[in-house]
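Work through the exercises below with the sequence and the model open side by side. Each task is followed by a solution in steps.

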Amino acid sequence: QGYAEGIKHGVFADTGYAADVIIAESLRLTHLVEDLLYLSRLETADGVYTFAPLSIGEVLGQCVEKLEGAAIKEGKALTLSPVPGATVYGDGEKLLRAVMNLAGNCLRYAKSTVELSAAATGSLVSVTVRDDGPGFSPEDLPHLFERFYKGKQGKFGLGLSIAKAIVEKHGGSICAENGASGGAVFRVELPVMGEMAKGK
């Protein structure tokens, strides 16, 4: 608003720069409002989920495909380790959104690499997203999935809150930690199809 008023009153000699700031802020606020509405629907409307058998490998593969361009633009590598042929019972669009939010967060802070991987153990499928960035501060870790939480490294916004809501709706769990050799690590555990389908 300040930049718009500055342009109106002729305060800025470089109106192009001021306009760029307005555009960037408008996009940020638009995304924030969209995320807030999306999170609200996830938490209050049962009808927004469509469950079906899903290959966890396909979900992770789609995530890499959609974010690969952004990773290349930032000069970072986005890798996917071999994934077991595990099937979960879930909403493909929602689970993809959750994984993309985690991977997108890691891309933002990674030095050079973000890695996605998965493993199947008994009745659970575990998905891991890690980066080689600075990791989380001890003060931030307990609050990462709270909506609008602003940590020392910047604003986390709603992306992690959305991921948490989606994972929990699928009967799973999500956590964040610092890797043994540094970097941020997100872990998601989901029940395999037979376990989740029992409750549907």
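**Exercise 1.** Does Asp-91 count as buried or exposed, and at what relative accessibility?

*Solution.* The model is a predicted one. Asp-91 has a relative accessibility of 6%. Buried means under 20% relative accessible area, so Asp-91 counts as buried.

**Exercise 2.** Find the salt-bridge partner of Asp-91 and describe the surroundings of that partner.

*Solution.* Step one: the side chain of Asp-91 meets that of Lys-94 in a salt bridge, at 3.4 Å from N to O. Step two: Lys-94 is buried, with a relative accessible area of 8%. Step three: salt bridges link Asp-91, Glu-93 and Lys-94 in a network. Step four: the charged end of Lys-94 also sits over the ring of Tyr-49, 5.6 Å from the ring centre.

**Exercise 3.** Classify the ring pair of Phe-51 and Tyr-89, then that of Phe-136 and Phe-186.

*Solution.* The count of aromatic pairs comes to 4. For Phe-51 and Tyr-89 the ring centres are 5.8 Å apart and the planes stand at 20°. Planes under 30 degrees apart count as stacked, so this pair is stacked. Phe-51 lies in the loop between α2 and β1 and Tyr-89 in strand β3, so the pair ties together parts that are 38 residues apart in sequence. Ring pairs join these two residues with Tyr-49 in a cluster.

Phe-136 and Phe-186 are 5.6 Å apart centre to centre, with 70° between the planes, and form an edge-to-face pair. Phe-136 is in the loop between β5 and β6 and Phe-186 in strand β9, so this pair ties together parts 50 residues apart in sequence. Phe-136 is buried at 8% relative accessible area, and Phe-186 is buried at 0%.

**Exercise 4.** Which strands stand at the edges of the sheet with order β2-β4-β5-β9-β8, and why is one side of each left without a neighbour?

*Solution.* The sheet is open, has 5 strands and shows mixed pairing. β2 (77-80) and β8 (173-178) stand at the edges; each has a single partner strand, so one side of each lacks a neighbour in the sheet. β2 pairs with β4 in the parallel sense over 4 bridges, and Ala-77 has Thr-113 in β4 as its bridge partner.

**Exercise 5.** Locate the salt bridge of Arg-187 and give the exposure of both residues.

*Solution.* Arg-187 forms a salt bridge with Glu-177, with the closest N and O atoms 2.9 Å apart. Arg-187 is in strand β9 and Glu-177 in strand β8, 10 residues apart. Both count as partly exposed: Arg-187 at 28% relative accessibility and Glu-177 at 30%.

Conventions: Residues numbered from 1 in each chain as written. Predicted model: local features only at pLDDT ≥ 70, side-chain atom pairs only at ≥ 80, totals over all residues. Heavy atoms only, no water. Pairing = 2+ DSSP bridges. Helix = DSSP H or I, 4+ residues; strand = E, 2+ residues; numbered from the N terminus. Phe/Tyr/Trp six-rings, centres within 6.5 Å; stacked < 30°, edge-to-face > 60°. Buried < 20%, exposed > 50% of the residue type's maximum accessible area, 1.4 Å probe, protein only. Lys NZ or Arg CZ within 6 Å of the ring centre and 35° of its normal. Salt bridge = Lys/Arg side-chain N within 4 Å of Asp/Glu carboxyl O.
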